[in-house]
Amino acid sequence: MNDKPDAAPDSTAARVALWRALHVEADPPPHVLEDKIGLQLLAPDQDWRSRGDMDPQFTRPFRASIVARARFIEDLVVAQAGLGLDQYVILGAGLDSFAQRRPEIASRLKVFEIDQPGPQAWKRRRLIELGFGVPDWLRFVPVDFEAGGSWRDGLAAAGFDDSKPAIVVSTGVSMYLTREANAATLQQVAALAPGSTLAMTFLLPLELADPEIRPGLEMAEKGARASGTPFLSFFTPPQIQALARESGFGEARHVSAADLTRRYFAGRTDGLRPPDNAEELMVANT
């Protein structure tokens, strides 16, 4: 176990949570996602909006991408729950707030949040301090990946039922893993009960990104390398779909930024939309 049980969330998880809040504060309605839970958990200094990585104009396409992927996954989970699925697994959960924002849906499921022990202990403490609590249907699954911990073993210990299908999501994780580690994760999810679904994000090669956002992505890549968590994997849509099929999935479909724009940003007059060829989604089914 981690010897620093109250380690704060990593900077990437915090930034994503603050971008979701910034969408509500800086962008006109209708909002794609109403989520200020992470802002409550983090309780940053009052000047957090003045940070360079929170600049309302510079971060517009990135926060559009963040709220679009979160909304798409939330809609997918709600649809699966409506079909009777009752196990939801979040890999690298960070400051995910589905359980707090949508308890009317989440309480019908077992929600398994998988994360490193320190940040997860911090999140649990903050949820209790803020009065959200940790209901029985929300299962925190601490896994020390740096020590070789297995998320599948952690799930079993937390009451996951291998005989029943699940929806598994992984956002903002694949670029930090090697191709082999991504393949191993895909194989583990593909081995779950028939009827299971994986929704994951992947980062396209930076040279394919829209020119106006490429500098921001290159800056993020340099920052990740400098902090010791470099980007290791980039995939084109055909490459990630092929890897999913090789790993045992029956089908895999690409959900592009254009798909998300049509679904969540149609009719907007402010030009807000996720950028093409940056971080996009794949949905695969067993």
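In this predicted model, Pro-30 sits in the loop that runs between helix H1 (11–26) and H2. The peptide bond that joins Pro-29 and Pro-30 is cis, with an omega of about 5°. As background for this part of the chain, most peptide bonds are trans, and most residues other than glycine have a negative phi.

Two residues invite a look at the second half of that statement. Ala-43, in the loop between H2 and H3, has a phi near 45°, a positive value in a residue other than glycine. With a relative accessibility of 51%, where exposed means over 50%, Ala-43 counts as exposed. Asn-277 also has a positive phi, here near 60°, and it too is a residue other than glycine. Asn-277 lies in the loop between H11 and E7, and its relative accessibility of 30% makes it partly exposed.

The loop between helix H2 (37–42) and H3 also holds Thr-59. Is Thr-59 buried or exposed? At 1% relative accessibility, Thr-59 counts as buried. Leaving aside neighbours within four places in sequence, its contacts are Trp-19, Leu-22, Asp-53 and Met-54.

Attention now turns to the sheet. Seven strands build an open sheet with mixed pairing, and their order is E3-E2-E1-E4-E5-E7-E6. Its edges are formed by strand E3 (138–142) and strand E6 (251–255), each of which pairs on one side only. On average, neighbouring strands of this sheet are turned by 20° against each other, direction ignored. In general, strands of a sheet pair through backbone hydrogen bonds, either parallel or antiparallel. Strand E1 (residues 87–91) and strand E4 (residues 167–170) take the parallel sense, with four bridges between them. Within this pair, Ile-90 has Val-169 of E4 as its bridge partner.

Helices are found against the sheet as well. Helix H10 (residues 237–246) packs on the sheet and touches strand E5 (197–203), E6 and strand E7 (279–285). The direction of H10 makes about 155° with that of E6. In helix H11 (residues 257–264), the residues Ala-257, Leu-260, Thr-261 and Tyr-264 are buried. Seen down the axis of H11, the buried residues fall within an arc of 105°, so they line one face of the helix. These buried residues of H11 pack against helix H3 (60–82), E6 and E7. Strand E6 is therefore touched by H10 and also packed against by the buried residues of H11, which line one face of that helix.

Another helix worth following is H6 (residues 117–129), which contains Leu-127. Leu-127 has a relative accessibility of 0% and so counts as buried. Which residues does Leu-127 touch, not counting residues up to four places away in sequence? They are Leu-41, Gln-100, Phe-132, Gly-133 and Phe-140. One of these contacts, Gln-100, is 27 residues apart from Leu-127 along the chain, and the C-alpha atoms of the two are separated by 9.0 Å.

Helix H6 returns in the account of empty space. Rolling a probe the size of a water molecule over the atoms shows where such space is left. A search of the whole structure finds one cavity of 30 Å³ or more, and the largest cavity has a volume of about 30 Å³. The largest cavity is lined by Pro-9, Gly-94, Leu-95, Asp-115, Pro-119, Gln-120, Trp-122 and Lys-123. Which element gives the most to this lining? With four residues, H6 does.

The pockets add one more site to the picture. The second largest pocket holds about 200 Å³ of space. Its lining comprises 15 residues, and the closest to its centre are Arg-60, Pro-61, Glu-212, Ile-213 and Pro-275. The elements that give two or more residues to this lining are H3 and helix H9 (214–226). Of the elements, H3 gives the most to the lining of the second largest pocket, with three residues. Helix H3 thus appears twice in this description: it contributes to that pocket lining, and the buried residues of H11 pack against it.

Notes: Residues are numbered from 1 along each chain as its sequence is written. This is a predicted model: local features need pLDDT of at least 70, side-chain atom pairs count only at pLDDT 80 or more; totals for chains, interfaces and linings use all residues. Side-chain values use heavy atoms; hydrogens and water are left out. Buried means under 20% relative accessible area, exposed over 50%, partly exposed in between (1.4 Å probe, protein chains only). Contact means heavy atoms within 4.5 Å. Two strands pair if DSSP finds at least two bridges between them. Axes are lines fitted to C-alpha atoms, for helices over the stretch in contact, and angles run from 0 to 180 degrees between N-to-C directions. The arc is that of the directions from the helix axis to the C-beta atoms. On a 1 Å grid over the protein atoms alone, a cavity is a set of points where a 1.4 Å probe fits but cannot get out, and a pocket is an open set with protein on both sides within 12 Å along at least five of seven lines; lining residues have an atom within 4 Å of a point. Grid points are joined across faces, edges and corners, and a volume is the space filled by probe spheres set on the points.
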